[in-house]
Amino acid sequence: MNNLVAQIKEAARSLGFEVAGITSVEPLARDDAAFRHWRESGFAAGMEYMTRRTELHAHPKSLVPWAASLITLAINYYATAPDFDHENRYGRVARYAWGLDYHDAVKPRLHALAAQIEKMAGRKIHARSFVDAVPLLERAAAARAGIGFFGKNTNLLQPQRGSWFFLAEILVDLELPADDREIKISCGSCRRCLDACPTDAFAGPYELDSRRCISYLTIENKGAIPHELREGIGEWIFGCDVCQDVCPFNRFSSDTAWPELRPEAGVGHRLDLVEVLSIATDEEFRARFKGTPLTRPKRRGLLRNAAVVAANVGCVEAVPVLIERINHDPEPLIRSHSLWAVARLDAEKAAPLINRLLRDADPQVREECLLIVGRETN
Ligand code: B12
Ligand code: SF4
Ligand code: SF4
C-alpha cells in the first residue's frame, strides 16, 4: 500500500497537483466545533449552502458511505501581474479569478487521476472527486493530511509556497495509509492580515465573519452591499486578496503551471469599470465572462460591485453610463447602487435624480434615495 501511495502522489504531481496528501475518513472533530461556533455566530452570512446540511461538513464518509480514504490535492494558481493601479477607471480582481474557472479546469484532471489510481490499484474502484462547492471542510481535511497549516486569516498555508492554491479531493474505497501529520509551523506573533483587512472582517484569529468580508460581499452576496461597508470595498470589484497579499509566507510564490489559470486565459487582474457598467443584458454578460469565475454573482452582482468601485476610485467617466443604468436597467439592485455612486461622483447630477426616484415604483430604489438623503442632511 505504501508503494501505491507513492505512485498516486507521483501521478498527482505529473498531472499538475503540486502537493498531494492522504487522510482518513474519520470525522474532523476539532474543526466541527469551530464550524458550529462560526455558524452559530452568524458568520456564514447568506450562504445557505453552509448552513443547510451541517452534519456533512466534518464527516467525509457521509458524502459517500463507501469512502475509505481521502486524497487531498493542492493546485497553485499564483501568477505575477503588473502592480494594480485603479487610474480612476479600473476595478481589481482577486488573483484566484484571473484565469478560467478553476472548477472546470481541475475536474478533468481529477478524473484522469482517479482513472490512473484504478489502474495502479489493479481493481475496479469507487472514486468521487470534488473541488470546492461541496459540504466538506476542505482546509481541515488538507491540514490533517499535512498539506498545510491554518493561518490566522483562515487560509491554509504551505510553509514553502504560501496560500495561493486551491484544494481538491478524491474519496476512494481503498484503505490507504494516512499521512495524518499536521504541520507544526504557525503564524507565531504575526497578525498582519488581521490588521490589514479593509472591512475589519476578522472576529479574531482563525475566525472570519463573512458578513463583513469583501470576498463574500462581492461574490456570494445576492443583495445590497451594506452602506457602511461600501467605502471599505475600495477598488475590489470581485473578491479580495488583502489578507494574503500582506502574508509573509506568500513572498516565495512561483507562477502556476496551469495555463487555464493564467491571466491571459481569463479576465486578468483588472476590469474596465465603464465597460462593465455598459453591459445591458444577461446575454451580453454571459458572452463576456463565460468560462470565468466572474459569472458567479451574475450581471446584477457584478454591476452592483462596479458601481460601488466606480465611486470609490473616483471614476467620473462612469457617470453617464451610471445614469443610463439608473434610468433604464431592469434590476433594482443595479439601479440603487448606481444611484449611490452618482451621488458620490457628481452631487449636482444626482440631486434631480434623487428627487424623482424618491417616488420610484421599486422599494429598493426609494430606500436608497432615503439613505442618500439621510447621509447628506446629517
Ligand atoms: C464559504 C467559503 C468562503 C466564505 C467564508 C470563508 C471562511 N473563512 O470560512 C468566503 C466567501 C468569505 C470565502 C472567501 C475566500 N475564499 Co473561500 N471557501 C469557502 C468554502 C466553500 C467553505 C469554507 C468553510 O468551510 N468555512 C467554515 C469555517 C468555519 O472554516 P474556516 O474558515 O476554514 O475555519 C477553520 C479554521 O479557522 C480552524 N480553526 C478555528 N480555530 C482555530 C484555531 C487554531 C489555532 C487553528 C490552527 C485553526 C483553527 O477551524 C475552522 C474549521 O476548519 C471553501 C471550500 C470548502 N468546501 O471548504 C472555500 C475555500 C476556503 N475558499 C478559498 C479561497 C481561495 C477563498 C478566497 C481567497 C477567495 C478570494 N480571494 O476572494 C477568500 C479568502 C477569504 C479568507 N480569508 O478566508 C479556498 C482556500 C484555499 C486555501 N489555500 O486556503 C477554498 C478551500 C476553496 C478551494 N477548494 O480551493 N470563502
Ligand atoms: S478577503 Fe479581504 S475582506 Fe475578506 S478577510 Fe481577507 S482582507 Fe478581509
Ligand atoms: S499574515 Fe501573519 S498572521 Fe496572517 S496568515 Fe500570514 S503569517 Fe499568519
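In this predicted model, helix α2 makes the greatest contribution to the shell around ligand 1, giving 4 residues. The surroundings of ligand 1 comprise 36 residues, of which Asp-31, Glu-138, Leu-156, Tyr-206 and Ser-215 come nearest. Ligand 2, a pair of packed helices and an open sheet of 3 strands are described after the details of ligand 1.

**Ligand 1**

- By class, the shell around ligand 1 is made up of 22 nonpolar residues, together with 8 polar and 6 charged ones.
- An N or O atom in the side chain of Ser-215, one of the residues that come nearest to the ligand, lies 2.8 Å from an oxygen atom of ligand 1.
- Nitrogen atoms of ligand 1 also have polar partners: a polar side-chain atom of Arg-139 is 3.0 Å from one nitrogen atom, and a polar backbone atom of Val-134 is 3.3 Å from a nitrogen atom.
- Two or more residues of this shell come from each of the elements α2 (29-40), α5 (138-144), β7 (165-172), α7 (214-220) and α9 (242-245).

**Ligand 2**

- The residues found around ligand 2 are Cys-197, Pro-198, Thr-199, Phe-202, Leu-208, Cys-213, Ile-214, Cys-240, Val-242 and Cys-243.
- This shell divides into 9 nonpolar residues and 1 polar residue, with no charged residues.

**Helices α12 and α14**

- The axes of α12 (residues 298-312) and α14 (residues 332-345) come within 8 Å and cross at roughly 5 degrees; because angles under 35 degrees count as roughly parallel, the two helices are described as roughly parallel to each other.
- On the α12 side, the contact includes Arg-299, Arg-300, Leu-303 and Arg-304, while the residues of α14 that take part include Ile-334, His-337, Trp-340 and Arg-344.
- Sorted by class, the residues of the contact of α12 with α14 are 10 nonpolar, 3 polar and 4 charged.

**The sheet β10-β3-β11**

- An open sheet of 3 strands runs in the order β10-β3-β11 and has mixed pairing, with β10 (236-238) and β11 (270-272) as the edge strands, each of which pairs on one side only.
- From one strand to the next, the twist of this sheet averages 45 degrees.
- Strand β3 (residues 90-93) and β10 run parallel and are joined by 2 bridges, and within this pairing Arg-92 has Trp-236 in β10 as its bridge partner.
- Helix α12, which also meets α14, packs on the sheet and touches β3, β10 and β11, and the direction of α12 makes about 175 degrees with that of β10.

Methods
Residues numbered from 1 in each chain as written. Chains lettered and ligands numbered in written order. Predicted model: local features only at pLDDT ≥ 70, side-chain atom pairs only at ≥ 80, totals over all residues. Heavy atoms only, no water. Near = heavy atom within 4 Å. Polar contact = N/O pair within 3.5 Å; in protein donor to acceptor, adjacent residues only side chain to side chain. Nonpolar A, V, L, I, M, F, W, Y, C, P; charged D, E, K, R; others polar. Axes fitted to C-alpha atoms, helices over the stretch in contact; angles between N-to-C directions. Parallel < 35°, antiparallel > 145°, perpendicular 65-115°, else oblique. Contact = heavy atoms within 4.5 Å. Pairing = 2+ DSSP bridges.
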